[in-house]
Amino acid sequence: MADFVNSVEIVEKKSRFIGFLYHCKTAQDVQDALNELKAEHKKATHICYAYSLSNPFLEKAVDDGEPGGTAGRPILSVIQKKGVRDACVFVVRYFGGIKLGAGGLVRMYTKTTSEVLK
């Protein structure tokens with residue numbers, strides 16, 4: 001069972017980025033948390049995430065429709081740099097109508113992940 005740990009919300013150019021940190025031990029825990037967030041945030045544009053599990057060692061990054069490498073990979077990169085294990089970070093994005101560009105997306109997914117892991 002995934003355990004909720006923390007959340008944070010950041011607004012950038014009218015887009016809402018809501019980060020959620022869950023303690024997860026298995027890929028099924030990650031899926032359960034994702035299903036919970038999808039039910040709670042039905043109108044979200046994207047639910048991007050990444051996780052790192054320790055036993056067995058498994059890492060995964062998911063962009064959920066964002067341009068390749070602009071969401072899941074930056075989330076996973078922060079998780080790796082901080083040495084976090086048995087955790088999943090989800091970032092729920094509500095598009096605000098102003099495109100942020102690839103660099104802006106990477107910056108916001110990185111920032112949201114860093115904040116939720118504090």
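**Exercise 1. A hairpin and its loop**

Find out how many residues lie between β3 and β4 in the hairpin that they form.

*Solution.* Start with the hairpin: β3 and β4 are joined with 2 residues between them. Keep in mind that the model is a predicted one. Next, look at how the two strands are held side by side: β3 and β4 pair in the antiparallel sense, over 6 bridges. One pair to pick out on screen is L53, whose bridge partner in β4 is L58. Then move into the loop between β3 and β4, where you will find P56. Finally, check the backbone there: the peptide bond from N55 to P56 is cis, and its omega is near 0°.

**Exercise 2. The order of the strands**

Work out the order of the strands in the open sheet, and say which strands stand at the edges.

*Solution.* First, trace the sheet from one side to the other: its 5 strands run in the order β1-β2-β5-β3-β4, with antiparallel pairing. Now look at the two ends of that order. β1 and β4 (57–62) each have a single partner strand, so each has one side without a neighbour in the sheet. From one strand to the next, the twist averages 15°.

With the order in hand, go through the pairs around β5. β2 and β5 are antiparallel and share 8 bridges; here I18 has V92 of β5 as its bridge partner. β3 and β5 are also paired in the antiparallel sense, over 7 bridges, and H46 stands opposite R93 in β5. To close, ask how covered β3 is: 8 of its 9 residues are buried, so the strand is mostly covered.

**Exercise 3. Helix α3 by the ruler**

Which distance should helix α3 span, and which side of the helix is buried?

*Solution.* Begin with the length. Helix α3 covers residues 101–116, which is 16 residues, and at 1.5 Å a residue it should span 22 Å. The C-alpha atoms at its ends are 23 Å apart, which agrees.

Next, list the buried residues of α3: G104, L105, M108, Y109, T112, T113 and V116. Around the axis they cover an arc of only 155°, which places them on the same side of α3. Now see what that side meets: the buried residues of α3 pack against β1 (3–12), β2 (15–23), β3 (46–54), α2 (72–81) and β5 (87–94).

**Exercise 4. The second helix on the sheet**

Which elements do the buried residues of α2 pack against?

*Solution.* Colour the buried residues of α2 first: G72, P74, I75, L76, V78 and I79. Then follow their contacts, which go to β3, β4, β5 and α3. If you continue past the end of α2, you come to G83, with a positive phi near 70°.

**Exercise 5. The nonpolar cores**

Which residues of the largest nonpolar core touch the most other members?

*Solution.* As background, nonpolar side chains tend to be buried together in soluble globular proteins. The largest core here has 21 residues, and those that touch the most other members are I75, I79, V89, Y109 and L117. Two or more residues of this core come from each of β1, β2, β3, α2, β5 and α3. Another core, of 19 residues, lies apart from it and includes V30, L37, Y51 and F90.

Now zoom in on Y109. Leaving out residues up to four places away in sequence, Y109 touches F17, H46, C48, E66, T70, A71, P74, I75, V91 and R93.

**Exercise 6. Two loop residues with positive phi**

Is K14 buried or exposed? Do the same check for D64.

*Solution.* Take K14 first. K14 sits in the loop between β1 and β2, and its phi is positive, about 70°, although the residue is not a glycine. The relative accessible area of K14 is 61%. The cut-off for exposed is over 50%, so K14 counts as exposed.

Now turn to D64, in the loop between β4 and α2. D64 is not a glycine either, yet has a positive phi, near 45°. With a relative accessible area of 37%, D64 is partly exposed.

Note on methods: Residues numbered from 1 in each chain as written. Predicted model: local features only at pLDDT ≥ 70, side-chain atom pairs only at ≥ 80, totals over all residues. Heavy atoms only, no water. Helix = DSSP H or I, 4+ residues; strand = E, 2+ residues; numbered from the N terminus. Expected span 1.5 Å × (residues − 1). Buried < 20%, exposed > 50% of the residue type's maximum accessible area, 1.4 Å probe, protein only. Arc of directions from axis to C-beta. Contact = heavy atoms within 4.5 Å. Core = buried A, V, L, I, M, F, W, Y, C linked by side-chain atoms within 4.5 Å. Pairing = 2+ DSSP bridges. Axes fitted to C-alpha atoms, helices over the stretch in contact; angles between N-to-C directions.
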